[in-house]
Amino acid sequence: MDEQMARERHGHQVEGGCCALVVVYLLGKVYVANAGDSRAIIVRNGEIIPMSREFTPETERQRLQLLGFLKPELLGGEFTHLEFPRRVQPKELGQRMLYRDQNMTGWAYKKIELEDLRFPLVCGEGKKARVMATIGVTRGLGDHNLKVCTSSLPIKPFLSCFPEVQVYDLTQYEHCPDDVLVLGTDGLWDVTSDCEVAATVDRVLSTYEPNDPSRYTALAQALVLGARGTPRDRGWRLPNNKLGSGDDISVFIIPLGGPGSYS
């Protein structure tokens, strides 16, 4: 698909990119493939089973740093593959500062050299983490033309289109109509925890008959509206008065049991 998007950008003048979260049911098993910062969880009898993990500059720091170390030409002399607790200042040349590279999970000290003054390949924390100060997700499709701001350096070499796949065997458990697979973009998970989603699953589905197919649509709507919040004087707010999600909020609900289920 990534190669197809690369070909189509020439003929159709289509740019940009996207994350991908795919579910395939085959021979009694559910395969969940994730490339990006969307998330999938199974809520089964109140239990939460993670079916994916997000790929961000923080979670893939070591992969990104390794690529920058092995292919320094990708950094264009503008970036360093090393990470420091904060931006290194020229006055700190020759001093010792904590750092970590592609082989380290912890920190160690090094003497600051001229190359360390370059902008770090991975910077920021949480939602503000970025690769080459530009993009906050490290796997997905497209973005073939994406360049570093105010530079001609391409970012695509650091982005992977290969998903991580997790498998769930439906035959190992007798599922009920309230057992569901929840797929959501980061707009949902930015403001909603796994536990809060599971609580919404229980609250919404308990108000419908088990054989009512509209219960799953109602659940998806409840999750989207809950993450968006309600309009107030100072914007869209959640019940705790924090800002609602400002990102795309897409939710799919896939029932795993019930009448005519696989179990």
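Me: Which domains does the lining of the largest pocket draw on?

Reply: In this predicted model, the lining of the largest pocket takes at least three residues from each of domain 1 (22-54 + 164-255) and domain 2 (60-139).

Me: How many residues line the largest pocket, and which lie nearest its centre?

Reply: There are 29 lining residues, and Asp37, Lys127, Gly136, Val137 and Asp186 lie nearest the centre of the largest pocket. Two or more lining residues come from each of the elements β1 (17-18), β12 (141-142) and α3 (186-189). The space in the largest pocket is about 530 Å³.

Me: How do the lining residues of the largest pocket divide into nonpolar, polar and charged?

Reply: Twelve residues of that lining are charged, nine are nonpolar and eight are polar.

Me: Turning to the sheet, how should I read strand pairing? In what order do the four strands of the open sheet come?

Reply: In general, strands of a sheet pair through backbone hydrogen bonds, and the pairing is either parallel or antiparallel. Here the open sheet has the order β5-β4-β14-β17, with antiparallel pairing. Its edge strands, β5 (47-50) and β17 (251-255), each pair on one side only. From one strand to the next, the twist averages 20°.

Me: How many bridges join β4 to β14?

Reply: Strand β4 (residues 39-44) and strand β14 (residues 180-184) are joined by five bridges. For example, isoleucine 42 has leucine 181 in β14 as its bridge partner.

Me: Which strands does helix α4 lie across?

Reply: Helix α4 (residues 194-205) lies across β4, β5 and β14, and runs at about 50° to β4. Helix α5 (residues 214-228) also packs on the sheet, where it touches β14 and β17. The direction of α5 makes about 150° with that of β17.

Definitions and conventions: Residues are numbered from 1 along each chain as its sequence is written. This is a predicted model: local features need pLDDT of at least 70, side-chain atom pairs count only at pLDDT 80 or more; totals for chains, interfaces and linings use all residues. Side-chain values use heavy atoms; hydrogens and water are left out. Two strands pair if DSSP finds at least two bridges between them. Axes are lines fitted to C-alpha atoms, for helices over the stretch in contact, and angles run from 0 to 180 degrees between N-to-C directions. Contact means heavy atoms within 4.5 Å. On a 1 Å grid over the protein atoms alone, a cavity is a set of points where a 1.4 Å probe fits but cannot get out, and a pocket is an open set with protein on both sides within 12 Å along at least five of seven lines; lining residues have an atom within 4 Å of a point. Grid points are joined across faces, edges and corners, and a volume is the space filled by probe spheres set on the points. Ala, Val, Leu, Ile, Met, Phe, Trp, Tyr, Cys and Pro count as nonpolar, Asp, Glu, Lys and Arg as charged, and the others, Gly among them, as polar. Domain bounds come from an automatic or database domain assignment.
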